[in-house]
Amino acid sequence: MSDSNDPFAAQPYIPPTKVDDPEPADTEVTAPVEQAPVSEEQPPAAAPPAAPSDTEPTEQIPTREADRPEPTVTMPVAEPVVNPDDGSHGGDDGGTIGGTPPSPDQRGRRRVAGVAAVALIAAAAGVGGAAAYDAINGDDNSPVVSSLNTGNDSKSAPTGDVEKVAQKLLPSVVQINVRGSQEAGSGTGIIISSDGQILTNNHVVEAAADGGSITVSFNDATNAKAEILGRDPVTDLAVIKADGKSGLTPAALGSSNNLEVGQEVVAIGSPYGLDSTVTSGIISALNRPVASSGGAGDNDQTVFPAVQTDAAINPGNSGGPLVDMEGNVIGINSAIRAGTTTSGDAGSIGLGFAIPIDLAKNVSKHLVKGEKVQHARIGVTVAPAVSSDDITGVGAEIKEVNKGSAGDKAGLKTGDIITAVNDSPVVSSNALVASIRGYQPGEKITITYTRDGQKKTAEVTLDSDGGDLGS
């Protein structure tokens with residue numbers, strides 16, 4: 001929220017190479033969960049948008065490194081880059097965060113720290129301020145209302161009326177300003193409890209996980225310090241708690257189970273620090289496998305089954321809501337495929353990606369309690385499988401099966417090519433990871449695969465990665 005240059009360099013998706021390609025990129029990409037391999041052909045984050053060679057601009061998600069020199073082709077995930085609020089990434093101690101907009105010079109001195117990458121680091125659940133959770137009962141005797149414990153019984157906004165939807169949601173959307181030891185930036189959050197619990201992206205607040213600061217700017221122009229209750233880099237989600245707040249309006253959380261391509265949606269957030277910005281569009285695709293590199297210099301990947309939209313989403317929208325026309329949150333805006341200008345600024349080109357709200361709700365219920373977030377896994381290492389044209393994806397080829405894993409118990413073997421999960425097509429290794437991300441440990445799924453040219457199926461009871469608590 002300070003620099004006009006997007007701090008997140010683009011990392012275009014690298015089209016899979018032939019399965020028998022000896023390149024280590026395809027075989028060394030071991031996904032702890034069934035992680036899709038990271039191709040070593042992927043251009044470095046700071047590299048200019050050179051010839052796409054093997055890179056494919058599909059649903060790539062931006063990487064978000066705060067102090068990166070100057071990203072070239074950025075695909076920041078709704079990451080706030082320039083924040084007129086001067087609320088540096090985590091929020092300054094003074095009135096700059098959420099206060100008077102800084103001068104161009106001031107903005108030039110700040111870098112948007114961790115709000116641009118869509119899915120950021122692939123790690124396990126972390127808890128920043130989990131111990132403080134017990135004291136979240138507000139400052140008065142009024143009952144606490146939580147979006148995580150209530151159904152979609154809130155008053156609906158008239159279908160097709162963007163104005164009404166905005167009026168309903170704006171009081172529940174906040175700007176989050178974060179400052180870490182070496183980076184600062186801002187993003188967006190959604191109020192999920194009347195006493196100040198706020199859902200956002202992990203990459204929006206991770207810079208403050210180690211001694212940084214967070215300040216939340218509310219729709220009524222008030223500000224409050226906040227602390228991290230829990231964060232999960234694997235799904236790029238986090239929950240923070242604003243201090244001393246009560247009587248807030250929690251957003252109504254809908255469902256991402258019954259969404260339809262073409263349905264109208266509204267996005268709300270703080271693109272480039274412009275708080276309370278409302279844009280509209282449609283759902284362009286569902287279950288889009290989106291992968292992004294981790295932030296803060298990490299090389300891990302976060303992959304999720306995204307809700308794709310053409311509603312304008314820009315740096316700073318990260319962590320904000322994607323809403324249906326009844327005013328229910330159906331996704332958490334997290335990444336974009338961005339175009340760039342000669343100055344290096346990133347902008348929306350109608351390719352935005354949101355984390356499905358059903359996944360976000362499940363993770364959030366653990367984060368608010370400081371619990372470990374466990375993720376489903378098959379226990380195999382996969383690489384992209386392509387047809388004879390060396391570019392058309394046909395599935396995820398198993399490179400290794402962990403002994404005793406769910407995949408091993410189901411009879412999967414090295415060389416098998418997974419083509420579907422519960423009848424949903426899988427055309428790449430990332431697609432497999434994204435698909436599994438939508439399930440819970442212990443659930444049973446049917447995997448369709450080919451072995452020696454023959455189509456087979458196997459029932460797999462998903463393992464757990466055990467979760468992990470971070471700081």
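Strand 14 and strand 15 make a hairpin, with 6 residues between them and a turn in which aspartate 390 takes a positive phi of about 65°. Like everything described here, this hairpin comes from a predicted model. The two strands run antiparallel and are joined by 7 bridges. One of the pairings sets valine 380 against valine 401 in strand 15. Strand 14, which covers residues 380-386, is mostly covered, with 7 of its 7 residues buried.

Stepping back to the whole chain, there are 7 helices and 20 strands. Of the 471 residues, 59% are buried. Contacts reach well along the sequence, too: among those between residues at least 6 apart, 73% join residues at least 24 apart.

A second hairpin turns up earlier in the chain. Here strand 2 and strand 3 are the two arms, 5 residues lie between them, and glycine 196 in the turn has a positive phi of about 105°. Strand 2 (residues 184-191) pairs with strand 3 in the antiparallel sense over 2 bridges, and isoleucine 191 sits opposite isoleucine 198 of strand 3. Strand 3 also has strand 6 (residues 237-242) as an antiparallel partner, this time through 5 bridges. In that pairing, leucine 199 faces valine 239 of strand 6. As for burial, 5 of the 5 residues of strand 3 (residues 197-201) are buried, so the strand is largely enclosed by the rest of the structure.

Leucine 199 and valine 239 come up again in the largest nonpolar core, a set of 33 residues in which Leu199, Leu237, Val239, Val329 and Ile332 have the most contacts. Two or more residues each come from helix 3 (162-169), strand 6, strand 7 (264-269), strand 9, strand 11 (329-340), strand 12 (346-356) and helix 5. Helix 5 is the top contributor, giving 5 residues to this core. Valine 329 shows what such a core position looks like up close: beyond its neighbours within four places in sequence, it touches Leu169, Ile190, Ala251, Ala252, Leu253, Gly254, Ser255, Pro321, Leu322, Val323 and Ile357. Apart from this core lies another, made up of 21 residues that include Val426, Ile445, Ala458 and Leu462.

Val426 also leads to helix 7, as one of the contacts of alanine 431; once neighbours within four places in sequence are set aside, alanine 431 is in contact with Pro289 and Val426. Alanine 431 lies in helix 7. Its relative accessibility is 11%, and with the cut-off for burial at under 20%, alanine 431 counts as buried. The C-alpha atom of alanine 431 is 8.0 Å from that of alanine 396, although the two residues are 35 apart along the chain. The rest of the helix follows suit: 9 of the 9 residues of helix 7 are buried, so it is largely enclosed by the rest of the structure. Besides alanine 431, the buried residues of helix 7 include Ser429, Asn430, Ser435 and Arg437.

Helix 7 also has a part in the open space of the model. The largest pocket has a volume of about 600 Å³. Its lining takes in 23 residues, and Asn287, Pro305, Pro356, Ser435 and Gly438 lie nearest its centre. At least two lining residues each come from strand 8 (277-293), strand 9 (301-309), helix 5 (357-367), strand 17 (424-425) and helix 7 (429-437). Sorted by class, the lining of this pocket holds 14 nonpolar, 8 polar and 1 charged residues.

Closed spaces are fewer in kind to describe: the count comes to 2 cavities of 30 Å³ or more. The second largest cavity holds about 60 Å³ of space. Lining this cavity are Thr235, Leu359, Asn362, Val363, Val373, Gln374, His375, Ala376, Arg437, Tyr439 and Gln440. Helix 5 gives the most to this lining, with 3 residues. By class, the cavity lining has 5 nonpolar, 5 polar and 1 charged residues.Helix 5 is thus a link between these parts of the description: it gives the most to the largest nonpolar core, supplies at least two residues of the lining of the largest pocket, and gives the most to the lining of the second largest cavity.

Note on methods
Residues are numbered from 1 along each chain as its sequence is written. This is a predicted model: local features need pLDDT of at least 70, side-chain atom pairs count only at pLDDT 80 or more; totals for chains, interfaces and linings use all residues. Side-chain values use heavy atoms; hydrogens and water are left out. On a 1 Å grid over the protein atoms alone, a cavity is a set of points where a 1.4 Å probe fits but cannot get out, and a pocket is an open set with protein on both sides within 12 Å along at least five of seven lines; lining residues have an atom within 4 Å of a point. Grid points are joined across faces, edges and corners, and a volume is the space filled by probe spheres set on the points. Helices (H or I, at least four residues) and strands (E, at least two) are DSSP runs, numbered from the N terminus. Ala, Val, Leu, Ile, Met, Phe, Trp, Tyr, Cys and Pro count as nonpolar, Asp, Glu, Lys and Arg as charged, and the others, Gly among them, as polar. Buried means under 20% relative accessible area, exposed over 50%, partly exposed in between (1.4 Å probe, protein chains only). Two strands pair if DSSP finds at least two bridges between them. A nonpolar core is a set of buried Ala, Val, Leu, Ile, Met, Phe, Trp, Tyr and Cys residues joined through side-chain atoms within 4.5 Å. Contact means heavy atoms within 4.5 Å.
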